[in-house]
There are 2 protein chains.
Amino acid sequence: MTTLYVSPGACSLGAIVTLKALGIPHQLVRVALRQPGSLIYEINPLGRVPTLQLDNGDIITENAAILPFLGDLKPEAKLFAPIGSLQRARIQEWIGFANSDLHPAFRPVTRPELFVDQPEAQQQVRKKGLERLHTLLGHVERRLPVGQWLVGENFTIADAYIGVFLGWLPRADIDAESKYPAIHAYQKRYISHPAVQAALAAETQLRNNDSAQKLSA
Amino acid sequence: MTTLYVSPGACSLGAIVTLKALGIPHQLVRVALRQPGSLIYEINPLGRVPTLQLDNGDIITENAAILPFLGDLKPEAKLFAPIGSLQRARIQEWIGFANSDLHPAFRPVTRPELFVDQPEAQQQVRKKGLERLHTLLGHVERRLPVGQWLVGENFTIADAYIGVFLGWLPRADIDAESKYPAIHAYQKRYISHPAVQAALAAETQLRNNDSAQKLSA
């Protein structure tokens with residue numbers, strides 16, 4: 001069975017959402033991050049989630065590879081778009097932006113200790129990091145289509161992915177409701193999408209039951 | 001004509017290499033980065049290169065979108081791989097890794113002032129950034145196939161892209177020859193690939209001739 005290695009609360013949520021939206025039978029395996037000896041290092045030398053293991057044992061890492069791969073398995077579900085289409089490029093564009101910019105922009109804000117030791121310097125790293133994060137969020141806010149998904153009418157792998165990070169705003173103490181109304185409205189829609197609901201429920205189950213780290217669906 | 005907005009020395013090199021490798025007629029337009037009023041802001045609100053403009057005016061941003069889009073235009077050139085293939089996922093995996101990790105890892109090393117003001121704190125940001133960069137380079141070093149390109153026998157868009165960052169090691173004062181022999185050997189091969197040669201020649205021409213910022217090929 002297709003196995004996805006995940007950690008609740010991490011960016012692996014986007015891949016869980018994608019599996020749920022596509023209705024692909026799968027098993028979720030919860031792994032510890034940044035802990036020597038964690039199972040994930042046996043599967044992915046970089047110790048990252050999500051990591052996908054196919055029926056035949058082949059392993060695919062990186063959201064930017066996993067989401068397009070999954071989306072292409074079921075073109076009829078329209079989570080991705082046909083080769084050569086501008087829509088497909090737009091979906092890849094949002095995934096690239098989230099992957100290279102939005103996701104890494106949280107790092108100085110939520111983990112400034114990775115950059116510098118001294119507490120006052122960490123405060124500054126956090127402050128400058130927040131400025132950059134606001135620049136990126138402002139860009140997203142201006143480009144979010146009202147009442148639609150990111151790229152047209154269909155919920156795509158771009159939504160599955162970017163919704164994860166837009167849901168992290170509270171971690172950076174950013175109040176989306178007052179500051180980014182479009183993001184706030186989008187995020188409410190994202191959270192109520194059936195695939196996101198199913199993915200969040202699976203994460204809760206994985207969190208609550210430490211003895212059963214595997215979950216099949 | 002297909003137009004690519006670039007800045008010599010930036011990561012837009014990977015997209016130039018891809019255009020050259022595919023033999024797609026194109027025009028390169030040199031733009032200034034991080035300068036208010038630069039032409040690039042009219043094309044791409046984030047002010048980034050590469051930005052691709054198609055014949056019909058459509059604009060595609062992000063390497064992670066541009067390279068797959070271009071690769072899919074000429075499947076017979078084998079710069080990308082068929083939908084659903086593991087090879088395609090591997091190519092996306094390397095692009096994702098470079099996009100989310102390798103590229104951003106240079107930032108604290110080469111521009112620590114983006115993170116903190118105080119000179120001593122900047123030194124520490126640089127030092128910690130270097131440690132992380134070495135971790136990522138170690139991963140690349142261990143996974144580089146000897147005498148082959150990144151994903152099998154063909155030069156792909158993954159090579160076009162990752163070769164750019166492996167060429168940035170001198171910017172971080174890292175001596176690849178002594179520390180990363182596989183990367184060093186790969187990089188020599190990359191630099192001598194005809195498409196890379198053509199792309200570097202185009203960048204030199206764009207650099208040398210300030211009055212002619214456009215270059216057709």
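Student: How many bridges join strand 2 of chain A to strand 5 of chain A?

Tutor: In this predicted model, strand 2 of chain A covers residues 26-30 and runs antiparallel to strand 5 of chain A. One bridge partnership is that of Val29(A) in strand 2 with Lys214(A) in strand 5. The number of bridges joining the two strands is three.

Student: In what order do the five strands of the open sheet in chain A lie?

Tutor: The edge strands, each pairing on one side only, are strand 4 (59-61) and strand 5 (214-216) of chain A. The pairing within the sheet is mixed, and the twist from one strand to the next averages 20°. Read across the sheet, the order is 4-3-1-2-5.

Student: Which helix of chain A packs on the sheet, touching strand 3 and strand 4?

Tutor: The direction of this helix makes about 120° with that of strand 4 of chain A. The helix spans residues 63-73, and is helix 3.

Student: Is the aromatic pair of Tyr161(B) and Phe165(B) stacked or edge-to-face?

Tutor: Both residues lie in helix 7 of chain B, four residues apart, which is about one turn of the helix, and both are buried. Their ring centres are 5.0 Å apart and their planes stand at 85°. Because planes over 60 degrees apart count as edge-to-face, the pair is edge-to-face.

Student: Is Cys11(A) buried or exposed?

Tutor: The relative accessibility of Cys11(A) is 9%, and residues under 20% count as buried. Cys11(A) is therefore buried.

Key. Residues are numbered from 1 along each chain as its sequence is written. Chains are lettered from A and ligands numbered from 1 in the order in which they are written. This is a predicted model: local features need pLDDT of at least 70, side-chain atom pairs count only at pLDDT 80 or more; totals for chains, interfaces and linings use all residues. Side-chain values use heavy atoms; hydrogens and water are left out. Buried means under 20% relative accessible area, exposed over 50%, partly exposed in between (1.4 Å probe, protein chains only). Two strands pair if DSSP finds at least two bridges between them. Axes are lines fitted to C-alpha atoms, for helices over the stretch in contact, and angles run from 0 to 180 degrees between N-to-C directions. Contact means heavy atoms within 4.5 Å. Rings of Phe, Tyr and Trp (its six-membered ring) pair if their centres lie within 6.5 Å; planes under 30 degrees apart count as stacked, over 60 as edge-to-face and the rest as tilted.
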